[in-house]
Amino acid sequence: MIYTVTLNPSIDYIAQLGNDFRLGDINKIKDEHFFSGGKGINVSLMLNTLGIPSIPLGFCAGFTGEKIKQDLCMKGLKTDFISVPNKDIPAS
């Protein structure tokens, strides 16, 4: 079993524009995709594709953390992320 560590897990957002891109004009998004990312997550996804078992781990919190765990579970990966509780940051 290989464990991969992702210290900064993220949701990568890719927006695809149409072929009629015009500089200085309003260009509308044709399609969009969301992917779980971070170096350790990317390595675990590649290992999974190659049939090598791995478990991504690290820290995650909130909606983003839950979305990442759900996405990886749907792709067949067992995760072991530590959920960090959301706390209000006091105003300075």
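1. Strands here are DSSP runs of E with at least two residues and helices are runs of H or I with at least four residues, both numbered from the N terminus. D12 lies in strand β2, which covers residues 10–17. The model is a predicted one, in which local features need pLDDT of at least 70 and side-chain atom pairs count only at pLDDT 80 or more, while totals for chains, interfaces and linings use all residues. Residues are numbered from 1 along each chain as its sequence is written, and side-chain values use heavy atoms, with hydrogens and water left out.

2. On the overall layout, the protein chain holds two helices and five strands, and from the N terminus on its elements run β-β-β-α-β-α-β. The radius of gyration, taken over C-alpha atoms, is 17 Å, well over the 12 Å that the globule rule (2.2 Å times the number of residues to the power 0.38) gives for 92 residues, so the protein chain is more spread out than a compact globule. Along the principal axes, the C-alpha atoms fill a box of roughly 50 × 45 × 20 Å.

3. On surface and burial, the accessible surface of the protein chain comes to about 7,000 Å² by the Shrake-Rupley method with a 1.4 Å probe, and 59% of this surface belongs to carbon and sulfur atoms. Of the 92 residues, 25% count as buried, where buried means under 20% relative accessible area, exposed means over 50%, and partly exposed lies in between (1.4 Å probe, protein chains only). Contact means heavy atoms within 4.5 Å; among contacts between residues at least 6 apart in sequence, 56% join residues at least 24 apart.

4. The largest nonpolar core has seven residues in all, namely I41, L45, C60, I68, L72, L77 and F81. A nonpolar core is a set of buried Ala, Val, Leu, Ile, Met, Phe, Trp, Tyr and Cys residues joined through side-chain atoms within 4.5 Å. Helices α1 (39–49) and α2 (62–74) each supply at least two residues of this core. Leaving aside neighbours within four places in sequence, core member L77 is in contact with S44, L45, N48, S54, P56 and L72.

5. I68, another member of that core, has its place in helix α2 and counts as buried at 1% relative accessibility. Not counting residues up to four places away in sequence, I68 touches P9, S10, I11, S36 and I41. By contrast with those contacts, I68 and V5 are 14 Å apart in space, C-alpha to C-alpha, and 63 residues apart in sequence.

6. Helix α1 deserves a separate look, and its buried residues are G40, I41, S44, L45 and L47. They cover an arc of only 165° around the axis (the arc being that of the directions from the helix axis to the C-beta atoms), which puts them on the same side of α1. An α-helix has 3.6 residues a turn, so residues three or four places apart point the same way. The buried residues of α1 pack against β1, β3 (29–37), β4 (54–60), α2 and β5 (80–83), whereas K39 and T49 are exposed on the other side of α1. Just after α1, G51 takes a positive phi of about 85°.

7. T4 is found in strand β1, residues 2–6, and counts as buried at 7% relative accessibility. Apart from neighbours within four places in sequence, the residues in contact with T4 are G40, V43, S44, I55, P56 and L57.

8. D12 is partly exposed, with a relative accessible area of 35%. With residues up to four places away in sequence not counted, D12 touches H33, F34, F35 and G37, while D12 and D25, which are 13 residues apart in sequence, stand 25 Å apart in space, C-alpha to C-alpha.

9. G76 is found in the loop between α2 and β5 and is exposed, with a relative accessible area of 56%. G76 and T49 are 27 residues apart in sequence and 9.9 Å apart in space, C-alpha to C-alpha.

10. Finally, the cysteines: a disulfide is taken as a pair of cysteine sulfur atoms within 2.5 Å, and by this rule the count comes to zero. The sulfur of C60 is 13 Å from the closest cysteine sulfur, in C73, which is too far for a bond. C60 counts as buried at 7% relative accessibility, whereas C73 counts as exposed at 55%.
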